[in-house]
Amino acid sequence: MRYVLPLLLLLALAACDSGSTASAPKTQVNPALAAQQEKISAIFAQAESMDESDLQGFERLYNQALECCPDTRRVHEAYFLLGNLYLYGIDPPALDKAQALYEQYLERYPDEIPGLCTDFENKLTGIYDRTEQYDKLAALYDKLLAEGLEGCPLSQCDRHLFSYANALERTGRTKDALRWYKAYLEHDPSEVLMDVAEEAIARLEGAGE
């Protein structure tokens, strides 16, 4: 199973290459890193020769890349491809595996490739919402929306505003929930969720009286 890599990831990987070439003389080679690079090149070469339907084979290879080659630039590609396999290549999606994968990446490489981190955070919001992990969802939005909409790195921010408000309400943070439901209504909400948000606001304001 192969997927087109996002442009931001391709550019970031290219930048890693050019940066490492410029910063280190060719005579200075880290033997451990060189071994990892050789290993991951072999892994991707094997993946290229595999049958598209061999999903277990792809999962095994990409996990091998994560475990054996954590310091290489192509490990980021392995994370991306394995995550997409879990979400889009398997029916039903392996949400638990995708969640563990994205959480691991964000812990290991929090500042490595901002565009890829944002992509994984965006996917985690969907997973947390779908699996009703509202504590984790609210905590992630606390980080992503700490600077308000202006600093939000996610796409479709309107949808995220509603999800944030809903997660806050479900975790008992009613004052914050009320604030974000109102923020949602101020930003061109969908007709379907508009009614839900208005009902939530009336409910929360009534409870506070």
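**Exercise 1. Compare the end-to-end span of helix 4 (residues 75–89) with the span expected from its residue count.**

Step 1. Helix 4 has 15 residues, counted at 1.5 Å a residue. Helices here are DSSP runs of H or I with at least four residues, numbered from the N terminus.
Step 2. The expected span is 1.5 Å times one less than the number of residues. For helix 4 that gives 21 Å.
Step 3. The end C-alpha atoms of helix 4 are 19 Å apart, which agrees.

The model is predicted: local features need pLDDT of at least 70, side-chain atom pairs count only at pLDDT 80 or more, and totals for chains, interfaces and linings use all residues. Residues are numbered from 1 along each chain as its sequence is written, and side-chain values use heavy atoms, leaving out hydrogens and water.

**Exercise 2. Place helix 4 in the fold, and state how covered it is.**

Step 1. The chain has 10 helices and zero strands.
Step 2. Of its 209 residues, 41% count as buried. Buried means under 20% relative accessible area, with a 1.4 Å probe and protein chains only.
Step 3. In helix 4, 14 of the 15 residues are buried, so the helix is mostly covered.
Step 4. The largest nonpolar core holds 61 residues. Such a core is a set of buried Ala, Val, Leu, Ile, Met, Phe, Trp, Tyr and Cys residues joined through side-chain atoms within 4.5 Å. Tyr62, Tyr79, Tyr102, Tyr105, Trp180 and Tyr181 touch the most other members. Helix 4 gives the largest share of this core, nine residues.
Step 5. Beyond four places in sequence, Tyr79 is in contact (heavy atoms within 4.5 Å) with partners including Leu66, Tyr105, Arg108 and Phe120.

**Exercise 3. Is Glu59 buried or exposed? List its contacts.**

Step 1. Glu59 is found in helix 3 (residues 55–68).
Step 2. Its relative accessible area is 16%, so Glu59 is buried.
Step 3. Leaving aside neighbours within four places in sequence, Glu59 is in contact with Leu82, Leu85, Tyr86 and Lys97.

**Exercise 4. Describe the packing of helix 9 (residues 174–185) against helix 10 (residues 191–207).**

Step 1. The two axes, lines fitted to C-alpha atoms over the stretch in contact, come within 9 Å.
Step 2. They cross at roughly 145 degrees, on a scale from 0 to 180 degrees between N-to-C directions.
Step 3. Among the residues that meet are Leu178 and Tyr181 in helix 9, and Ala197 and Ile201 in helix 10.
Step 4. The contact residues divide into 11 nonpolar, one polar and three charged. Ala, Val, Leu, Ile, Met, Phe, Trp, Tyr, Cys and Pro count as nonpolar, Asp, Glu, Lys and Arg as charged, and the others, Gly among them, as polar.

Methods: Helices (H or I, at least four residues) and strands (E, at least two) are DSSP runs, numbered from the N terminus. Buried means under 20% relative accessible area, exposed over 50%, partly exposed in between (1.4 Å probe, protein chains only).
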